[in-house]
Amino acid sequence: MQKRTLTLAIALAAGISGCSMLPMSEKAGTPEQQVVANYADIAHATFEDAYLTAVDLQKSVDMFIANPSAQGLEQLKAQWKIARAPYQQSEVFRFGNAIVDDWEGQLNAWPLDEGLIDYVDGDYQHELGNPGAELNIISSKQLQLGSETLDLAQITSDKLADLNELGGSEANVATGYHAIEFLLWGQDLNGMNSGAGERPYTDYVQGADCTGGNCDRRGAYLKAATDLLVSDLAEMRDQWAAGDSDNYRATLLTDSPEQGLRKMLYGMGSLSLGELAGERIKVAMEANSTEDEHDCFSDNTHYSHYYDAKGVQNIYLGEYKRVDGSVVSGTSLSDLIQIKNQSLDSSLRAQLSKTDSTLQEMVDLAEGPQQIKFDMMIAAGNAQGEELLNRSISTLVEQTRYIEQVAAALNVDALNPDTADHEF
């Protein structure tokens, strides 16, 4: 162990940082600067993967709309799930990087009042007092909002962006992954029983065989929402690209490395604690509410939670496995802590591994023979689900405590990860 630490110290001093993607001008500097630069590398690779998988989704959407079929819809659903994996790993960059958090609402806002977008079941329950909850954009060529008339004869990406969070309501989600998810699966009317949404492919068939009405406009909405998703992801990918003196990466790397480390650790702690343990698991479990399930139409929530946690692990270990199997890696927070406090590094590594294995249990329960999805785990009286979810919350909370200790060891004081007003 002594030899490994000495070798590491020499490597850090020499600027050796694994499979770094940095230009030569960015490879020099202190170990802390190299850690922040590697963080930017990982952000760029993660957002680029999210972009590339969204482009594949876009191509599948175009083919499906041209020739709707049951097989084509299943292919689209599978491609949507593939696209979710890298995006969820990018959420660790939201907290601490305002440019990401301000942008995120157009891509991943939830839960949504689906009546804003399309037809819904007669027992549909929406947010009280939301004027947009039953507007049904797909069936309406114009919308009347007070004294204002909105022209929706053509459904375009720009118009959908303007309608997102209509009237200031966060429930009026017109764009992003979850709007697309609803267009592919439809409402999940199974409550806490087995089964996801069951939208028929004929909702996109033109002519007499069209179900749900307005099949042409539904196809136009799906295409516009997917095109917007792709363009938004391209924008964020470019913000983290090397070689641009006027993007967010350049701003991050010209700031003090202490600020970069703070953003990294705050993002890791806030996603672990307030967002994942709190908003995405605790709220849904305590309320026994499928409306608070993250991927509620597709029953893909277990994977979203797993990849959120994977994003936190990526940042501490300083490596990200891309969708093509290649690995982006470099000088890491773990490298810095090994020199300062090897016991703390070992403890956080072990806790990250425990979180990974615990959330893998959630995936295995959802995808295994029992097929107990997240909306079934949160049902009142499901002792197995309650135990697993409480254990998931506990390991995320403990993980955050170690992240705070890492911050203190690196002289990042008063980290205060976001709790989202939850008590743990």
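**Figure 1. Arg84 and Tyr177, a charge over a ring.** In this predicted model, Arg84 puts its charged end over the ring of Tyr177. The distance to the ring centre comes out at 5.0 Å.

**Figure 2. Arg237 and Tyr51, another charge over a ring.** Here the face of Tyr51 has Arg237 lying over it. From Arg237 to the ring centre is 4.4 Å.

**Figure 3. Lys223 and Asp62, a salt bridge between two helices.** A search through the whole structure turns up 25 salt bridges, and this close-up picks out one of them, with Lys223 and Asp62 meeting at 3.1 Å, N to O. The two partners come from distant parts of the chain: Lys223 belongs to helix H8 (residues 215–239) and Asp62 to helix H3 (residues 31–66), with their positions 161 residues apart in the count. How accessible is Lys223? Lys223 has a relative accessible area of 32%, so it is partly exposed. Asp62 is partly exposed too, at 33%.

**Figure 4. Lys223 again, now with Asp227.** Lys223 also has a salt bridge to the side chain of Asp227, at 3.3 Å from N to O. This one stays inside helix H8, where Asp227 and Lys223 sit four residues apart, or about one turn of the helix. Asp227 is partly exposed, its relative accessible area being 22%. If you're setting up a view around Lys223, the picture has Asp62 as a partner from helix H3 and Asp227 as a partner from helix H8.

**Figure 5. Glu404 and Arg401 in helix H15.** The side chains of Glu404 and Arg401 form a salt bridge with an N to O distance of 3.6 Å. What separates the two along helix H15? They are three residues apart in that helix (residues 383–409), so about one helical turn lies between them. Both ends of the bridge are partly exposed: Glu404 has 29% relative accessibility, and Arg401 has a relative accessible area of 31%.

**Figure 6. A salt-bridge network.** Some charged side chains go beyond simple pairs. Which residues are linked in a network of salt bridges? The acidic members are Glu91, Asp101, Glu104, Glu275 and Asp308, and they are joined up with Arg94 and Arg280. As background, side chains of opposite charge can pair when their charged atoms come close.

**Figure 7. Phe64 and Tyr204, edge-to-face.** The structure holds twelve aromatic pairs, and one of them puts Phe64 and Tyr204 edge-to-face, with 5.3 Å centre to centre and 70 degrees between the planes. Phe64 is in helix H3 and Tyr204 is in the loop between helix H7 (177–185) and H8, so this pair ties together parts that are 140 residues apart in sequence. Are these rings buried or exposed? Phe64 is buried, with a relative accessible area of 2%, and Tyr204 is buried as well, at 2%.

**Figure 8. Tyr303 and Tyr307, stacked.** Ring centres 6.3 Å apart and planes at 25 degrees make this a stacked pair. Tyr303 and Tyr307 are four residues apart in helix H11 (residues 301–317), so about one helical turn separates them. Tyr303 is partly exposed at 29% relative accessibility, and Tyr307 is partly exposed at 23%.

**Figure 9. An aromatic cluster.** Which residues do ring pairs link into a cluster? The tyrosines are Tyr39 and Tyr248, the phenylalanines are Phe47 and Phe93, and the tryptophans are Trp103 and Trp240.

Conventions. Residues numbered from 1 in each chain as written. Predicted model: local features only at pLDDT ≥ 70, side-chain atom pairs only at ≥ 80, totals over all residues. Heavy atoms only, no water. Salt bridge = Lys/Arg side-chain N within 4 Å of Asp/Glu carboxyl O. Buried < 20%, exposed > 50% of the residue type's maximum accessible area, 1.4 Å probe, protein only. Phe/Tyr/Trp six-rings, centres within 6.5 Å; stacked < 30°, edge-to-face > 60°. Lys NZ or Arg CZ within 6 Å of the ring centre and 35° of its normal.
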